[in-house]
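Trainee: I've got a model up on the screen and would like to talk it through with you. Can we start with the sheet and then move on to the helices and loops?

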Amino acid sequence: MPNWNALKSLNHHPLTRLFELDNERVSKMTQNVAGLRIDMSKTHLGDEQLDAFIAIAKEMDLLGKRETLLSGAIINPTEERSALHITERGLGDEQAVAEAKLLQNRMKALIEAIDAGAMGDIKHILHVGIGGSALGPKLLMDALGREDAKYDVAIVSNVDGAAMAEAVKDFDPQKTLLAVASKTFTTTETLMNAQTAMDWMTQGGVSDAIGRVIALTANPEKALEFGIDESRILPFNENVGGRYSLWCSIGFPAAIGLGWDAYEEILQGAAAMDANFANSDLTENAPVLAAFADLYYTQITGAQTRAIFAYDERLRLLPDYLQQLEMESNGKSVTSEGEPIDYASSPITWGGVGTDAQHAVFQLLHQGTHVIPVEFIASKTPGHDFDPIHHETLLTNCFAQGAALMAGRDNDDKARSYEGNRPSVTILIEDVTPATLGALIAYYEHRTFVNAVMLGINPFDQYGVELGKEIAKKISNEGPSGFDPSTSALMKAAFE
Ligand code: F6P
């Protein structure tokens with residue numbers, strides 16, 4: 001388990017003092033990687049804190065664990081699995097990289113066939129999947145597919161039929177291809193949505209709906225059982241975790257919607273970030289430094305949440321994506337060895353878009369009693385052709401918030417006083433492109449991994465989601481009795 005005591009006992013300077021102490025602070029604490037300028041200077045990491053974190057990283061064998069991850073050895077002990085998402089980007093075990101490439105080429109070939117009309121006149125892609133089988137493709141399409149997407153792509157995750165109704169309302173069932181995305185191919189919501197989508201196609205005059213379905217899965221046997229022809233199953237390795245699966249066939253809607261070249265650029269962008277993570281010293285390693293800042297606030301100042309604000313509409317789904325990545329990975333109470341931990345693990349990830357959030361939640365960030373580390377993400381290049389004043393205003397606001405959180409302002413009237421010394425990281429991207437978005441996502445993946453190693457936990461399992469699933473099954477199989485009185489009464493009120 002990590003020993004935070006040395007870190008805790010250091011002299012912790014206010015942010016403004018850290019800048020006074022070191023003229024070079026901005027350049028020292030800014031990493032330029034893969035089109036991302038990551039400025040961590042407005043965090044409380046000073047030289048002493050960095051040294052203390054490096055000592056903890058040594059204790060926790062961060063370099064050894066990084067090597068384990070990169071080599072494709074077992075890094076997920078509870079499921080006895082490796083974590084092979086990096087091999088999709090060409091890094092790691094040679095054989096695994098070659099296998100990933102083969103499967104990607106299989107996806108490419110199927111996409112080329114669909115583009116050439118092999119499945120009829122396809123105009124719409126309806127993707128059903130949930131969690132990691134939806135959030136990545138959704139983010140990619142929302143960020144990059146606003147103009148010029150080759151197909152209309154709709155991604156349905158919720159079991160609420162209203163989500164399906166909304167998704168297909170402008171789709172022609174005869175011109176729709178259904179992609180069923182599920183690593184396990186057993187997820188209730190996804191299989192129900194797949195069946196509903198096929199019924200909708202059949203009612204719309206498609207004589208062989210199953211012939212319009214493709215499967216994206218690590219469990220091809222289940223997809224075959226479902227009735228999907230082997231030629232339309234795009235498998236991936238089961239050692240690619242669900243929340244890391246947009247790099248393999250789960251990324252199908254992005255690969256077909258944005259085009260293969262764009263999809264490859266996403267992978268290359270991620271690979272550029274992988275190189276920083278895999279090869280840089282800890283003090284120049286963007287994901288590592290970001291994780292140190294995360295841990296500083298959870299362990300030293302007791303932050304329970306971390307907020308991410310995208311100052312770019314194209315990245316509005318990033319907080320949703322990161323909620324799964326970070327909270328499903330690191331929301332744990334035991335170490336990799338199953339020992340209870342007596343320190344905080346993952347903070348709650350939340351966020352929104354700027355400038356909207358400034359007029360809604362920023363009051364608490366500036367004056368609330370919680371100190372919430374904030375991450376701002378902005379792009380130098382706008383995602384539109386309107387008057388550049390829009391973009392200037394957007395960026396100015398973004399930078400003003402970081403400055404205000406740090407500087408604060410005193411006032412005799414305490415209601416008008418700002419404490420300041422509130423931390424933020426600002427990521428300025430050249431533009432929101434396939435490559436920079438790939439790099440950004442990879443940055444968060446590695447940061448999540450480093451956080452887990454430093455906390456001594458396993459980020460690659462997610463047993464916490466099982467109990468609710470089991471109880472839902474039990475309720476639907478056995479009806480309202482046998483549960484706690486509140487649950488039974490709710491069931492009766494809803495269904496009887
Ligand atoms: O219930 C959680 C979870 O297992 C996630 O980890 C996963 O991304 C999601 O459900 C969907 O699972 P699948 O891809 O197997 O349908």
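**The sheet and its surroundings**

Mentor: Sure. This is a predicted model, and it has an open five-stranded sheet with parallel pairing, in the order S4-S3-S5-S6-S7.

Trainee: Which strands stand at the edges of that sheet?

Mentor: Read the order from end to end: S4-S3-S5-S6-S7. A strand at the edge has a single partner strand, so one of its sides is left without a neighbour in the sheet. That describes S4 and S7 (233-235).

Trainee: And by how many degrees are neighbouring strands turned against each other?

Mentor: Ignore direction here and take the average over neighbouring strands of this sheet. That comes to 20 degrees.

Trainee: Let's look at S3 and S4. What is the hand of the crossover between them?

Mentor: S3 (residues 124-128) and S4 (residues 152-156) run parallel and are joined by five bridges, with His 127 standing opposite Ile 155. To get from S3 to S4 the chain passes through helix H7 (residues 135-144), giving a β-α-β crossover. The hand of that crossover is right-handed.

Trainee: Over on S5, which residue is the bridge partner of Ile 125?

Mentor: S3 pairs with S5 (residues 176-181) in the parallel sense, over five bridges. Within S5, the partner of Ile 125 is Leu 177.

Trainee: Helix H6 lies across part of the sheet. At what angle does H6 run to S7?

Mentor: H6 covers residues 94-115 and lies across S5, S6 (213-217) and S7. Its angle to S7 is about 155 degrees.

**Two helices**

Trainee: How are H12 and H13 oriented relative to each other: roughly parallel or roughly perpendicular?

Mentor: The axes of H12 (residues 260-279) and H13 (residues 286-300) come within 7 Å and cross at roughly 70 degrees. Angles of 65 to 115 degrees count as roughly perpendicular. The two helices are therefore roughly perpendicular.

Trainee: How many residues of that contact are nonpolar?

Mentor: From H12 we have Met 273, Asn 276 and Phe 277, and they meet Ala 286, Pro 287 and Val 288 in H13. There are no charged residues in this contact and one polar one. The nonpolar count is five.

**Loops and backbone**

Trainee: Asp 61 and Phe 185 both catch my eye for their phi values. Which of them is buried, and which is partly exposed?

Mentor: Most residues other than glycine have a negative phi. Asp 61, in the loop between H4 (47-59) and H5 (62-71), has a positive phi of about 55 degrees, and phi of Phe 185, in the loop between S5 and H9 (188-203), is near 55 degrees. Buried means under 20% relative accessible area. With 40%, Asp 61 is partly exposed, while Phe 185, with 2%, is buried.

Trainee: Is Ser 82 buried or exposed?

Mentor: Ser 82 is in the loop between H5 and H6. Leaving out residues up to four places away in sequence, it touches Gly 72, Ala 73, Ile 74, Ile 75 and Asn 239. Its relative accessible area is 10%, so Ser 82 counts as buried.

Trainee: Last one: where is the cis peptide bond with omega near 10 degrees?

Mentor: Most peptide bonds are trans. To find this cis one, go to the loop between S9 (348-353) and H15 (362-367), where Thr 355 is found. The bond runs from Gly 354 to Thr 355.

Technical notes: Residues numbered from 1 in each chain as written. Predicted model: local features only at pLDDT ≥ 70, side-chain atom pairs only at ≥ 80, totals over all residues. Heavy atoms only, no water. Axes fitted to C-alpha atoms, helices over the stretch in contact; angles between N-to-C directions. Helix = DSSP H or I, 4+ residues; strand = E, 2+ residues; numbered from the N terminus. Parallel < 35°, antiparallel > 145°, perpendicular 65-115°, else oblique. Contact = heavy atoms within 4.5 Å. Nonpolar A, V, L, I, M, F, W, Y, C, P; charged D, E, K, R; others polar. Pairing = 2+ DSSP bridges. Right-handed = clockwise from strand over helix to strand, strands pointing away. Buried < 20%, exposed > 50% of the residue type's maximum accessible area, 1.4 Å probe, protein only.
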